[in-house]
Amino acid sequence: MSAVTLERPAVTLADLTAFVWAEADLLDRLAYKDWLKLWSADGLYIVPVERGVTDHANAVNVLYDDAEMREMRVKRLLSGFSMSSAPPARTVRTVSRFVETARSETSVDLRAAQVIVEYKYERHRVLAADVDYRIALSADGLKLARKVVTLINCDDPLHGIGYLL
Amino acid sequence: MHSEDAVAERPWGALFEGDRADGAIYRDPALFDAEMDRIFKQTWVWVAHESELPGPNTFKTGNVGTSPVLITRDKKGEVHVLLNRCRHRAASVCEKKKGKQSVFVCPYHGWSYDPDGSLRKVPHRWGYDENFDPADYPLFSLRVEQYAGMIFATFNADAPPLEEHLGAARKWMDLFMKQGGGFGVKVLGQHSFRFPGNWKIQLENTTDAYHFPIVHKTFLDSLDEETENVFDVLGQGGWVEDLGNGHSVMVMIPSLIDLEADLEAPIPDRFADLAAELAAEGHDDMTVRRLVRAVGGTGFNLNLFPNVACSMAFFRVLRPIDVETTEITHVAIGMNGGESVGPANRARIRLHEHFQGPMGFGTPDDAEGWERVQRGVRAGEGMPILVNRGVPAPEGTAEPGHDAGDVSSEVGMRAAYRMWKRMMEE
């Protein structure tokens, strides 16, 4: 049996799914400081405004966050001084329809569907998105190396969003 | 919808007097219909920047008031603004946001139009008699004029020429375009979002420095100390100035009015890396200085009545959807210098994303504030909206003869509402 020669068991789709669900749970609970710890130091969190764009660095995005911007963003959202985030709309999200799209020694790419229902001022809004994850297989476990959230209506008018997607 | 007569009978102009407005200006659906007729169908409405139509047969779609339009550049380079409605049975002839094409074919019965709006061909022509002349059925064409690369359109054949309408605002448009850093200005992309509130709430906001340190505290807190000082918008001796015809300028950072002045000044530490990158692209020292100084945009917001603002480093465009819904587009602009200015444009894009857009550090709080106005104004019928704030502008700032006030004053809102009142009474 060749499996016994592996140093550790291969990461399964169930492991990856559990990781993504745990992330979604942190975000719905506004546990943003714990969420920051899920990231690898060079991770990029991107919400584009156009579909099909690959060169995000040279495009206008809804957000294009490296580690420094993520930390500043979390500080802002938790500060209590941002009226769109104090409090933000309540959110309930699900992530599903996972497809593994690539795998290397160091990371796995996943594509998934995310549906968020937000609620504020007696109004529900639905935010559907395709999400592309790159999950790094690091010594201290799984880490988010890249997360691109492409909203279904990203190239049309959105609304003020006071929480994380 | 209200009939033309019912709209005409109401004394709409009386809803604004001096320095206060009736709360109904945000809420009355009949007033909204009247505004679409008397303002958005009568005056010049911004539709595009010239760089959005980069060559022959390019186009974008947009709106003039509540009318969907097609903005095209024909093969000769001429710009046209056309109602996006087939002359046959009204189907929209284009649903793309932008692109390049030399013909627009109505998907319903195949009527095809040139980019200048002429009807080129009608399928199965035999079903019309010999009196049918395609020349009688071009796409409906609006009047189009441009200034400083900004393209405006109007339904009104009798509107004064655009340059006369812009008047004293032209000087500030010219200053604003200096952020092209000598390469001219180019649209880099955009954010758009809607908020549940009246369009005039947003019109007011672009000339409202008073809210900035309060609503945008979390943006200010995210800046390094040097940049935070630059954004101390109330503390730098700025002012607000009525430029006539509803236009106004709010100068927040007087040292950044003219981006081609003070080029000898030392490059701020926070731009040292950018300056080095630009030098590595082969730009000479003066060009590097010009690009770096232009990278953060100008120190003022120019509000052009009724639908566009040149706001520090971007265009803010408003589109009224209905009395309680407004769409805002934040158009990111940069330098039209190709790859060699890439580092400067990337820096501009990241700065834009930092504040603007649905998840920026500024916009969501603005949008929440505007929604709160729309929610609050349901209470207190007959209570006024106050736009009476302001003490005199610092000595030697505004042009003599222009109404002006300190940077936190509501002079720009009063300027816009005076134009609003004039148009609603005409």
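This report walks through a predicted model, with an eye on chain B and the place where chain B touches chain A.

## An open sheet in chain B

A good place to start is the sheet of eight strands in chain B, which is open and antiparallel. Reading across, the order is β13-β19-β18-β17-β16-β15-β14-β21. From one strand to the next, the twist averages 15°.

What happens at the edges of this sheet? β13 and β21 (404-406) of chain B stand there, and each has a single partner strand, so one side of each is left without a neighbour in the sheet.

## Strand pairs, one by one

Let us begin at the β13 edge. β13(B) and β19(B) are joined by ten bridges in the antiparallel sense, and here Gly189(B) has Ala332(B) in β19(B) as its bridge partner.

On to the next pair: β18(B) and β19(B) run antiparallel and share eight bridges. A hairpin of two residues links these strands, and Arg316(B) faces His330(B) of β19(B) across the pair. Is β19(B) mostly covered or mostly open? It is mostly covered, with eight of its eleven residues buried.

One step further, strand β17 (residues 308-311) of chain B pairs with strand β18 (residues 314-322) of chain B, again antiparallel, over four bridges. Within this pair, Cys310(B) has Phe315(B) in β18(B) as its bridge partner. As background for looking at any of these strands, side chains in a regular strand alternate between the two faces of the sheet.

## Where the two chains meet

Now to the contact between the chains, which takes 29 residues from chain B and 23 residues from chain A. Which elements of chain B supply at least two residues each to the side that touches chain A? They are β13 (185-195), α7 (217-221), β19 (325-335), α11 (342-355) and α12 (363-376). Of the side of chain B that touches chain A, β13(B) gives the most, with eight residues.

So β13(B) plays two parts in this picture: an edge strand of the sheet, with a single partner strand, and the element that gives the most residues to the side of chain B touching chain A. The residues on that side of chain B divide into eleven nonpolar, ten polar and eight charged.

## A span listed in UniProt

Elsewhere in chain B, an unreviewed UniProt entry lists residues 44-153 as "domain: Rieske". In the model, this span of chain B is 41% strand and 0% helix. The end C-alpha atoms of residues 44-153 lie 5 Å apart.

Definitions and conventions. Residues numbered from 1 in each chain as written. Chains lettered and ligands numbered in written order. Predicted model: local features only at pLDDT ≥ 70, side-chain atom pairs only at ≥ 80, totals over all residues. Contact = placed C-beta atoms within 7 Å. Nonpolar A, V, L, I, M, F, W, Y, C, P; charged D, E, K, R; others polar. UniProt positions renumbered as here; feature names shortened; annotations may be inferred. Pairing = 2+ DSSP bridges. Axes fitted to C-alpha atoms, helices over the stretch in contact; angles between N-to-C directions. Buried ≥ 20, exposed ≤ 12 C-beta atoms within 10 Å, placed from the backbone.
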